[in-house]
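Me: I'd like a close look at just one part of this model. Take your time and walk me through it.

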Amino acid sequence: TLTINKFNAKRIGGYKCVVEKDGRTSEGVFEVTLPIVHEDLIEPVEETIKFVEGEDLVLQVNKLEGIITDLTWECDGETVVNGENGFEITNKKGFSKLIVKAADADSVPKSCTCHATGVGSQDSAEITVTAEENTITITPKKAKL
């Protein structure tokens, strides 16, 4: 039996137990983890974003209390990679932004989720993207013939 007193995040990891008796050796390897709990690590600035074709689409989550060890974005079920397919990710101390450069109807995602992992905790925030119609006004000019 192995008992770990005052267990905390610093004691997470792999352990190896070696037993020697009567000239024989036996060993066991095991992993110690904290149970994952849901904790409010992030919150979206807006849960629904309207995009205008041709403009940058900006989705943002604010980081709340707690230590965030990993933060990723996923759009329409696909993991977003910074700098690929017109996506740009900016991570700062208090927030994370996902920017879709010059969004159009073909490139804009329908929804994006930000996933945050902390020490023994996790959280996610989904942001829905909707289209905003552009209004075009045509005013005829009189021309001299």
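Which residue forms a salt bridge with K16, and how many Å apart are the closest N and O atoms?

Reply: Keep in mind that this is a predicted model. The partner of K16 is E27, and the closest N and O atoms of the pair are 3.6 Å apart. That fits the cut-off used here, a Lys or Arg side-chain nitrogen within 4 Å of an Asp or Glu carboxyl oxygen. K16 sits in strand 1 and E27 in strand 2, so the salt bridge ties together parts that are 11 residues apart in sequence. As for the surface, K16 is exposed, at 55% relative accessible area, while E27 counts as partly exposed at 49%.

Now the strands themselves. Strand 1 covers residues 13-21 and strand 2 covers 24-32, and the two pair in the antiparallel sense over 9 bridges. Within that pairing, C17 stands opposite G28 of strand 2. The hairpin has 2 residues between its strands, and D22 takes a positive phi near 55 degrees there.

By this rule the model has 2 salt bridges, so here's the other one for context: K101 and D56 meet at 3.4 Å, N to O. K101 lies in the loop between strand 10 and strand 11, and D56 in the loop between strand 5 and strand 6, so this pair ties together parts that are 45 residues apart in sequence. Both ends are partly exposed, K101 with a relative accessible area of 40% and D56 with 42%. As for strands 6 and 10, they pair in the antiparallel sense over 6 bridges, and L57 has V100 in strand 10 as its bridge partner.

Technical notes. Residues are numbered from 1 along each chain as its sequence is written. This is a predicted model: local features need pLDDT of at least 70, side-chain atom pairs count only at pLDDT 80 or more; totals for chains, interfaces and linings use all residues. Side-chain values use heavy atoms; hydrogens and water are left out. Two strands pair if DSSP finds at least two bridges between them. Helices (H or I, at least four residues) and strands (E, at least two) are DSSP runs, numbered from the N terminus. Buried means under 20% relative accessible area, exposed over 50%, partly exposed in between (1.4 Å probe, protein chains only).
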